[in-house]
Amino acid sequence: MRRMSWTPDEETLAAIRHLAIQNAIEYEGKAVPGSVIGRVMATMTDLRQYGNIVSPLIVKFVNEANLIADSQGVNALIEILQNEAPHLLEKREKKERRTGLPELPNAEKGKVVLRFAPNPNGPLSFGHARGLVINATYAKEWDGELILRFDDTDTTVKPPLPSAYQQIPQEAEWLIGFKPHRIVVASERMTHYYEHAVQMLNEGFGYVCRCSGDEFKKFRETKTQCPCRENSVDLNIDLWDKMNDGTFVPGDAVVRVKTDMELKNPALRDWPALRMQDTEKNPHPREGIGSKYKVWPLLDFQSAVEDHLQGVTHIIRGKDLMDSTRKQTLLYQHFGWKYPETMYWGRVKVHEWGGFSTSQMRRDIEAGLFEGWNDPRLPTLSALKEKGITAQALRNFWVELGVTQKDISVPLSTLYSHNTKEIDAIAPRISFVKNPVQLSLQGESPDSINIAVHPNDKSMGQRIFELKDNYVYISSNDTEQNEVRLKDFCNITVNGSNAQISSTERTDKRPIIHWVGSNCIDAELIVVEDGELVSINGKMEMHDYPIGTALQLERIGYGIIVAENKIMFTHN
Ligand SMILES: [Zn+2]
């Protein structure tokens with residue numbers, strides 16, 4: 001059907017114009033027609049059929065808005081919206097507040113490249129989540145790319161765990177909600193690091209140093225150049241070959257970056273870039289790598305070269321790595337590269353967890369102290385997920401803490417309250433009676449009682465508590481008092497294993513206890529108490545929720561179904 005006769009009314013024109021202005025404000029006077037068209041079509045769906053008429057109008061309004069920004073400044077645009085469509089400004093403010101992160105310096109839409117670079121010596125921990133969440137949030141905000149890079153060039157102190165190469169990308173996707181755009185494995189890119197090492201030697205800003213660690217330490221402390229610094233290029237290349245062909249053994253030689261032995265910061269003085277590792281004794285666990293290489297880059301060198309090769313634009317790292325930035329900046333100067341923008345954060349400590357390291361957890365798991373990486377006592381992502389902490393709660397937690405150099409100490413309850421916000425509205429209520437005792441009901445009662453699955457969401461349906469056998473279960477903890485009320489049912493007077501129903505109305509302030517009817521199952525609740533996993537037996541309502549469902553156990557807290565009759569406690 002031809003719709004040539006259609007022309008937009010005043011109201012539609014104004015709405016389109018306002019969206020163009022909003023976009024121009026957002027992009028500092030450089031509104032993009034494409035994104036305004038997208039926004040118009042998304043919010044005014046009835047205009048989609050008139051795309052050929054609407055699109056040129058949008059282009060016209062975008063140009064007008066950009067022109068105003070250019071001649072009178074973005075504030076003039078803000079003023080227009082304040083007068084004509086203030087809700088479009090509010091929305092923008094809300095969005096900015098939501099991310100809670102500082103502006104990424106010198107970022108360009110569509111051109112931001114960030115990286116998250118864990119050592120795969122274990123799966124991801126709670127601490128890793130920060131790097132992932134912050135980098136992913138920025139990547140998303142700027143339509144940029146996120147690289148997941150395995151910094152796996154240490155085969156001796158923190159050897160990689162083979163399973164982590166598969167587990168980490170899955171955990172990352174779960175946490176951030178999308179697949180990282182690129183995955184880079186450092187140990188598979190050794191030739192690149194070698195090429196750059198050789199370039200350093202050839203161009204004279206690197207040298208092979210054969211001093212012992214102690215000898216060089218003295219040179220560094222006394223700001224003295226070591227004799228190797230004067231090696232000719234030919235000698236350096238010859239020594240480099242001897243590192244690679246096995247003439248030398250670990251400890252015999254390292255490749256250093258020539259900086260300046262007079263630099264104020266001793267750590268920066270001719271810092272080591274590559275060293276030898278005994279991969280016969282400690283082969284690299286990655287298939288095809290094994291004992292193939294004798295010379296390995298140190299993290300500062302490997303990371304610096306890789307950041308350049310991958311076009312990383314922004315690095316966000318701990319403030320304890322400021323020296324790494326300084327070292328790498330000196331290296332970049334030698335190569336004639338531009339160093340990425342860098343932001344730092346301070347430490348975040350969770351009271352209950354104190355200090356933990358992946359290496360220590362790995363030792364403890366291997367020693368049998370924990371059941372595995374997903375043991376609910378461990379601060380790993382898999383354990384948190386298994387316990388019922390949502391990815392969104394973790395994201396909100398880290399974004400709220402932001403990127404600040406201040407050291408922060410928080411209680412675990414902060415994470416838990418983020419999680420409550422995510423699950424409370426959707427978690428079905430269920431009754432779990434710990435250490436159950438049976439009570440025979442005396443008096444008149446219906447065959448069953450219906451109770452809402454969720455008190456605030458009727459659409460979630462009803463639970464049925466069967467009463468036709470005239471008994472219920474309550475927790476033995478609740479038998480100390482005689483006058484109680486069975487939640488959503490009736491007042492009772494308990495006498496041994498009998499209970500007399502007195503009133504279905506709530507007539508007094510007696511305590512309310514939870515209960516289950518005869519249609520219940522034997523169930524187990526797993527909780528962590530004082531560092532131990534404790535299993536609590538009980539009776540639970542029959543249910544058909546799938547494994548992984550978050551529940552609220554009435555009067556107990558939140559839990560997640562790990563088997564039909566087994567619930568893992570999340571938090572209260
Ligand atoms: Zn030396």
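Two strands are taken to pair if DSSP finds at least two bridges between them, and strands (E, at least two residues) and helices (H or I, at least four) are DSSP runs numbered from the N terminus. On this basis, one open sheet consists of 7 strands in the order E12-E25-E26-E27-E23-E24-E13, with mixed pairing. Because strand E12 (429-430) and strand E13 (432-434) stand at the edges, each with a single partner strand, one side of each is left without a neighbour in the sheet. Within this sheet, strand E26 (residues 557-563) and strand E27 (residues 566-571) run antiparallel and are joined by 5 bridges, with Gly-559 standing opposite Phe-569 in E27. Helix H16 (residues 412-423) packs on the sheet and touches strand E25 (550-553), E26 and E27, where contact means heavy atoms within 4.5 Å. The direction of H16 makes about 120° with that of E27, the axes being lines fitted to C-alpha atoms, for helices over the stretch in contact, and the angles running from 0 to 180 degrees between N-to-C directions.

The structure is a predicted model, in which local features need pLDDT of at least 70 and side-chain atom pairs count only at pLDDT 80 or more, whereas totals for chains, interfaces and linings use all residues. Residues are numbered from 1 along each chain as its sequence is written, and side-chain values use heavy atoms, with hydrogens and water left out. The pLDDT, which is the predictor's confidence in each residue from 0 to 100, averages 93 over the protein chain, and 98% of the residues score at least 70. Over residues 94-98, however, the pLDDT is below 50, and this stretch has 2 contacts in the model beyond near neighbours in sequence. Where pLDDT is low, the predicted coordinates should not be read in detail.

A second open sheet of 7 strands has the order E21-E18-E19-E20-E14-E17-E22, again with mixed pairing. Its edges are formed by strand E21 (512-513) and strand E22 (515-516), each of which has a single partner strand, so that one side of each is left without a neighbour in the sheet. Strand E18 (residues 483-486) runs antiparallel to strand E19 (residues 490-495), to which 4 bridges join it, and Glu-483 stands opposite Thr-493 in E19.

The zinc ion has as its protein donors (N, O and S atoms within 2.8 Å of the metal, or 3.2 Å for Na, K and Ca) the SG atoms of Cys-209, Cys-211, Cys-226 and Cys-228, which lie 2.2 to 2.4 Å from the ion. The angles among the 4 donor atoms are 103 to 115°, and the site is tetrahedral, a term that requires all angles among four donors to lie between 85 and 135 degrees. Along the chain, the donors follow the spacing C-x1-C-x14-C-x1-C. Cys-209 lies in strand E4 (residues 206-209) and Cys-226 in the loop between helix H9 (213-221) and helix H10 (233-245), so the pair ties together parts that are 17 residues apart in sequence.

Both Cys-209 and Cys-226 are buried, that is, under 20% relative accessible area, with exposed meaning over 50% and partly exposed in between (1.4 Å probe, protein chains only). Both faces of E4 are covered, with Gly-206 and Val-208 buried on one side and Tyr-207 and Cys-209 buried on the other. E4 pairs with strand E5 (residues 254-257) in the antiparallel sense over 4 bridges, and the bridge partner of Gly-206 in E5 is Val-257.

Methods. Four donors count as tetrahedral if all angles lie between 85 and 135 degrees; four count as square planar and six as octahedral if opposite donors are over 155 degrees apart and all others between 65 and 115; anything else is irregular.
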